[in-house]
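This briefing covers a sheet, the helices that pack on it, and a group of aromatic rings. The sequence and model come first.

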Amino acid sequence: MRVIRTSFIIVFCIVGALFLAYQGVYWMVQNNKKAQYAELVSFFDSKEVRTEIEQVIKSEDPHAFTEAGVIKKYELDYDSMGVRTGRSIRVLINDDPSLNIGVKYIFVNNKWEISIVTMSYELQILLESKE
């Protein structure tokens, strides 16, 4: 009886230690994700990045942000942020999810630069119809 009780206590302590270790690792991963998300939001909210995005928009629609332009306003879709081989985000145009521009930044020569810009098919058609 004493051996069973001792074995139970040892197993209980091992399981408890494993559980605490798992919780600690889980907490560290979640904290890292929150920090990474906050870093991305501050990156895309920076004045330099917003200026570059506005330049991309104006290169596609020279009359952007005016009554004559197709593109009246834009909004960054923070739920679409990614960090696989750089930093990417989707830019929603005129509050319409089907009208969007994808922007990707890569780290080159100690600074972040735009590397890829994609445009939704619907936005391309809309811009071509206004020309």
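The points below are grouped by topic.

This is a predicted model, in which local features need pLDDT of at least 70 and side-chain atom pairs count only at pLDDT 80 or more, while totals for chains, interfaces and linings use all residues. Residues are numbered from 1 along each chain as its sequence is written, and side-chain values use heavy atoms, with hydrogens and water left out.

**Sheet**
- An open sheet is formed by 4 strands (DSSP E runs of at least two residues, numbered from the N terminus) in the order β1-β2-β3-β4, with antiparallel pairing (at least two DSSP bridges between two strands).
- β1 (74-82) and β4 (111-119) each have a single partner strand and stand at the edges, so one side of each is left without a neighbour in the sheet.
- β1 is joined to β2 (residues 87-93) by 5 bridges, and Glu-75 stands opposite Leu-92 in β2.

**Helix packing**
- Helix α1 (residues 2-44; helices are DSSP runs of H or I, at least four residues) packs on the sheet and touches β1, β2, β3 (96-108) and β4, where contact means heavy atoms within 4.5 Å.
- Helix α3 (residues 121-130) also packs on the sheet, touching β2, β3 and β4.

**Aromatic rings**
- There are 8 aromatic pairs, counted for rings of Phe, Tyr and Trp (its six-membered ring) with centres within 6.5 Å; planes under 30 degrees apart count as stacked, over 60 as edge-to-face and the rest as tilted.
- The ring centres of Phe-43 and Tyr-105 are 5.3 Å apart and the planes stand at 90°, so this pair is edge-to-face.
- Phe-43 in helix α1 and Tyr-105 in strand β3 are 62 residues apart.

Methods
Axes are lines fitted to C-alpha atoms, for helices over the stretch in contact, and angles run from 0 to 180 degrees between N-to-C directions.
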